[in-house]
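Me: I have a structure open and I am new to this. Can you teach me how to read its features, one at a time?

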Amino acid sequence: SQQIHLASRPTGMPSQANFKTVDVTLPALQEGEVLVKNTWMSVDPYMRGRMIVSDSYIPPFQIDEVLEGGAIGEVIESMNAQFPVGAKVSNISGWRTTFISDGSDLTLLPAVGLPDQHFLGVIGMPGLTGWVGLFKVAQLKPTDTVFVSAASGAVGSVVCQIAKLHGCKVIGSVGSDEKADMVKAMGVDAVINYKKVDDLTQALRDAAPEGIDVYFENVGGAHLEAALNVMNPYGRIPVCGMIADYNAETPQPGPSNLLLINTKKLTLQGYIVMDYWDQYGEFVEQMGQWLKEGKVTSEETVYHGLDQAVDAFIGLFEGKNKGKMLVKI
Ligand code: NDP
């Protein structure tokens, strides 16, 4: 099996030097075990947090050990009747070509007739993250005006589309004109290329003169500051992530206008998708339907080969992806 190990803990933007490729010989299968060959793996922003030692909801990766993360694979040898040869499984043993499992960490892909890799994106963890943030955390209403940062990404593109389906007015923020075109094609009402505007608050006010009711927070920093300026009283901010801070070498100052949380009586609520897996069934049913009806589309950026996985991961912080960033192994 070929695996990517963490060689050292990154400071600032990760680089190739923080990772190394290792060849490992796997032992023979024991009774109850299967050999899985990964076909797709996910790279996700949260993995950056696991590369350092911090007080987090998930333990850090260990130096000189294989990384892990969401992946889709196929059983190629089996001594476990639950997972016969040919079965497709989602797993959390990404960053490696093959691995042995006793089945306890494998889930058979639901037979809903969708491409396998969608289970790492639109109908997988990022999709559930968007759905939960809007409906379970922000209690989205059809009359809401919604602002979404990192709007063209895995989570953001789902958020934009399902908020539109719910009847909301949606404004997205993205880092390139190409991404703006993609998000517009998904039906959002206005798109801001944050790299091209001098004053994000003004751009947001222009796009939403009526004010923002829900800010779907993916980015932090200047985006949060601008959103706070334009929020309506009693607005809700599901805090999904703050990618602008993930590679910061020193603690970043908060927005200068946090007092607005008080005066506008805002609700900011952080959440972690892992706490909502019990709702995955409900989500799959709904999202599967939307995908089949063409009401939600899946955008993906694919890097090819395990040796491209580190580039794909770093690319997340350079805005290289439209939609879900994936590695085809
Ligand atoms: P994306 O597919 O959105 O990829 C990351 C994107 O973020 C890039 O394409 C880039 O787009 C944007 N970005 C990167 N750096 C910056 C920056 N400095 N300022 C502004 N934008 C930046 O990733 P995901 O959809 O997987 O994740 C989106 C957010 O959701 C992240 O914050 C992530 O941590 C969070 N998340 C939270 C979960 C939870 O359980 N709470 C679960 C999953 C994700 P652009 O070109 O537009 O800048």
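Reply: Start with domains. Domain bounds come from an automatic or database domain assignment. Keep in mind that this is a predicted model. Here the assignment gives domain 1 (2-121 + 298-328) and domain 2 (125-274). Their centres, taken over C-alpha atoms, are 28 Å apart.

Me: How many residues does each domain put into the contact?

Reply: Domain 1 gives 17 residues, and domain 2 gives 17 residues. On the domain 1 side, α1 (46-50) and β15 (324-328) each supply at least two residues. That side divides into five nonpolar, eight polar and four charged residues.

Me: What does the database record say about this chain?

Reply: An unreviewed UniProt entry carries the annotation "domain: Enoyl reductase (ER)" for residues 12-327. Over that stretch the chain is 26% helix and 23% strand. The end C-alpha atoms of the stretch are 23 Å apart.

Me: Now the ligand. How many residues surround it, and which are the closest?

Reply: To read a binding site, list the shell of residues around the ligand. In this model 30 residues form that shell, and the closest are Gly153, Ala154, Gly175, Gly241 and Gly319. Two elements give two or more residues each: α2 (125-137) and α3 (154-165). The most come from α3, with three residues. By type, the shell has 18 nonpolar, 10 polar and two charged residues.

Me: Where does the ligand lie relative to domain 1 and domain 2?

Reply: The ligand lies between them, because domain 1 and domain 2 both give residues to its shell.

Me: How do I read a helix?

Reply: Look at which way its residues point. An α-helix has 3.6 residues a turn, so residues three or four places apart point the same way. Now take α4 (residues 177-185). Its buried residues are Lys179, Ala180, Met182 and Val183. These residues lie on the same side of α4, because they cover an arc of only 160 degrees around the axis. On the other side, Asp177, Glu178 and Ala185 are exposed.

Me: What do the buried residues of α4 pack against?

Reply: They pack against α3, β9 (169-174) and β10 (190-193). Then check what follows the helix. Gly187 comes after α4, and its phi is positive, near 100 degrees.

Me: Which residues of α6 are buried?

Reply: In α6 (residues 221-230) they are His223, Leu224, Ala226, Ala227, Leu228 and Val230. Their cover includes β8 (145-148), β9, α5 (200-207), β11 (212-216), β12 (231-239) and α7 (259-263).

Me: Which residues have a positive phi although they are not glycines?

Reply: Two cases to look at are Gln139, with a phi of about 50 degrees, and Lys265, with about 55 degrees. Gln139 sits in the loop between α2 and β8. Lys265 sits in the loop between α7 and β13 (267-270).

Me: Is Gln139 buried or exposed? And Lys265?

Reply: Count neighbours. A residue is exposed if 12 or fewer other C-beta atoms lie within 10 Å of its own. Gln139 has 12, so Gln139 is exposed. Lys265 also has 12, so Lys265 is exposed.

Me: What about Leu114? Where is it found?

Reply: Leu114 is in the loop between β7 (107-108) and α2. With 18 other C-beta atoms within 10 Å, Leu114 is partly exposed. Leaving out residues up to four places away in sequence, Leu114 touches Ile123, Gly288 and Leu291. Try a distance too. Leu114 and Met231 are 117 residues apart in sequence and 38 Å apart in space, C-alpha to C-alpha.

Notes. Residues are numbered from 1 along each chain as its sequence is written. This is a predicted model: local features need pLDDT of at least 70, side-chain atom pairs count only at pLDDT 80 or more; totals for chains, interfaces and linings use all residues. A residue is near a molecule or strand if its C-beta atom, placed from the backbone, lies within 6 Å of it. Helices (H or I, at least four residues) and strands (E, at least two) are DSSP runs, numbered from the N terminus. Ala, Val, Leu, Ile, Met, Phe, Trp, Tyr, Cys and Pro count as nonpolar, Asp, Glu, Lys and Arg as charged, and the others, Gly among them, as polar. Two residues are in contact if their C-beta atoms, placed from the backbone, lie within 7 Å. A residue is buried if 20 or more other C-beta atoms lie within 10 Å of its own, exposed if 12 or fewer, and partly exposed in between; C-beta atoms are placed from the backbone. UniProt positions are given in the numbering used here, feature names are shortened, and annotations may be inferred rather than shown by experiment. The arc is that of the directions from the helix axis to the C-beta atoms.
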